[in-house]
Amino acid sequence: MKPLSNKTVVITGSGGGLGAAYARHVASLGAAVVVNDINPLAAERTAAEIRSAGGRAISLVGDVSDWHFAATLVRSCVEAFGSITGFVNNAGVLRHGRIEDLKADDLRRMVEINILGTAAGTQAAVKEMLSAGVAGTVINVASGSQAGDIALGGYGGTKAAIASMTFSWAMELKDTPIRINAISPLAETAMAAQNAGFMAVQAANREVHYSSLPSAENNAPLVAYLLSDDSRSVHGQVIRIAGQQLSFVTHPLIAAPVLSGDWDFGSIRDAFATTLNHCQQPLGLGFAAAAPTTDA
Ligand SMILES: NC(=O)c1ccc[n+]([C@@H]2O[C@H](COP(=O)([O-])OP(=O)(O)OC[C@H]3O[C@@H](n4cnc5c(N)ncnc54)[C@H](O)[C@@H]3O)[C@@H](O)[C@H]2O)c1
């Protein structure tokens, strides 16, 4: 029996890029997939590829930024395949803009698709899973840019919001059969091509550099694992996959040292002068501890 044979999954934005790779891979491992995309031709192409390879898939065209559409996605999965056990909030958009030239319409669209779309999808999936008593899984999609990136303040901000929402929802759902995690993927896709002109300046401003980007397919086994029963103990995490590197991403935590005192202007000024100024946190994506050395 294939590891995902008992899984029924919605993957948003799976007409192309990473989402299409996730859909093809999880279908090859036995999952039935609702392929969603805003692009009708792309959605049907991925679903047709899965069916012609012997898998189970339907396509459903729609915009995840429409709050009510998420319920349609969930209902379609239940009607077509009898249940919903997984929801992957993959659809996302990226618009560039340094703070001096960020456009309100660009930021609004990222908020609508990346944040509202993720919240709507998670809400619809969680409601159905809870009422059906299903041990389901939600996977959200963050990004290394949540740590800060040149010209990606708006985009990274929406991804930081997705990570933060994932932490809160994981706390709310911890006594239910539902698990929720986020992934931080990396791949050569249309979105990555859109960012290509900014890569040099971005790389120069953070610890983590990429000389080339992995394929979308490289990321798909992590999604399959998180949708499977084998990951039943993984909850409330952001998991980074970047080519050959696999790791957790730290939650925002209180950094040591934590100084104690009755704080007034003078004592705060002295605390920074003597201690805290040396402990400022690095900007951009880096490693929290020593770089990982464990090979797969
Ligand atoms: N490519 C990377 O290296 C990378 C890194 C970090 C995070 N991500 C995230 O991974 C996800 C997929 O990225 P990608 O690189 O495959 O992007 P992509 O642009 O190549 O593909 C995105 C897909 O989503 C669809 N889509 C866009 N808006 C939609 C909407 N409103 N409703 C439904 N579908 C919609 C597009 O038509 C497209 O098929 C995104 O959330 C992105 O932010 C990507």
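This passage describes the sheet, the salt bridges and the enclosed cavity of a predicted model.

The strands of the predicted model are considered at the outset. Eight strands form an open sheet, and their order across it is 3-2-1-4-5-6-7-8, with mixed pairing. The two edges of this sheet are taken by strand 3 (56-61) and strand 8 (245-249), each of which pairs on one side only. From one strand to the next, the twist averages 20°. Within the sheet, strand 1 pairs with strand 4 (residues 86-89) in the parallel sense, and three bridges join the two. One of the residues involved is Val 9, whose bridge partner in strand 4 is Gly 86.

Charged side chains were examined next, and the count comes to 11 salt bridges. Among them is the pair formed by Asp 229 and Lys 7, in which the closest N and O atoms are 2.6 Å apart. Asp 229 is placed in the loop between helix 8 (216-227) and strand 7 (238-242), whereas Lys 7 belongs to the segment before strand 1 (8-11), so the contact ties together parts of the chain that are 222 residues apart in sequence. The two partners fall into separate accessibility classes: Asp 229, with 34% relative accessibility, counts as partly exposed, while Lys 7, with 6%, counts as buried because the limit for that class is under 20% relative accessible area.

A further salt bridge is made by the side chains of Arg 24 and Glu 217, with an N to O distance of 2.9 Å. This pair, too, links distant parts of the chain, since Arg 24 lies in helix 1 (residues 17-28) and Glu 217 in helix 8, 193 residues apart. Arg 24 has a relative accessible area of 32% and is partly exposed, and Glu 217, at 44% relative accessibility, is likewise counted as partly exposed. The contact is also part of a network of salt bridges in which Arg 24 and Glu 217 are linked with Glu 49.

A salt bridge within a single helix is provided by Asp 105 and Arg 108, whose side chains meet at 3.0 Å, N to O. Both residues lie in helix 4, where a separation of three residues corresponds to about one turn of the helix. Asp 105 reaches 57% relative accessibility and counts as exposed, whereas Arg 108, at 46%, counts as partly exposed because the exposed class requires over 50%.

The search for enclosed space gave one cavity of 30 Å³ or more, and the volume of the largest cavity is about 60 Å³. Its lining consists of Thr 12, Val 64, Phe 69, Ala 70, Leu 73, Asn 89, Ala 91, Ile 113, Gly 117, Thr 118 and Gly 121. Two or more of these lining residues come from each of helix 3 (69-81) and helix 4 (104-132), and helix 4 gives the most, with four residues. Grouped by class, the lining of the largest cavity holds six nonpolar and five polar residues, and no charged residues. Helix 4 thus appears in two parts of this description, as the element that gives the most to the cavity lining and as the helix that holds both Asp 105 and Arg 108.

Conventions
Residues are numbered from 1 along each chain as its sequence is written. This is a predicted model: local features need pLDDT of at least 70, side-chain atom pairs count only at pLDDT 80 or more; totals for chains, interfaces and linings use all residues. Side-chain values use heavy atoms; hydrogens and water are left out. On a 1 Å grid over the protein atoms alone, a cavity is a set of points where a 1.4 Å probe fits but cannot get out, and a pocket is an open set with protein on both sides within 12 Å along at least five of seven lines; lining residues have an atom within 4 Å of a point. Grid points are joined across faces, edges and corners, and a volume is the space filled by probe spheres set on the points. Ala, Val, Leu, Ile, Met, Phe, Trp, Tyr, Cys and Pro count as nonpolar, Asp, Glu, Lys and Arg as charged, and the others, Gly among them, as polar. A salt bridge is a side-chain nitrogen of Lys or Arg within 4 Å of a carboxyl oxygen of Asp or Glu. Buried means under 20% relative accessible area, exposed over 50%, partly exposed in between (1.4 Å probe, protein chains only). Two strands pair if DSSP finds at least two bridges between them. Axes are lines fitted to C-alpha atoms, for helices over the stretch in contact, and angles run from 0 to 180 degrees between N-to-C directions.
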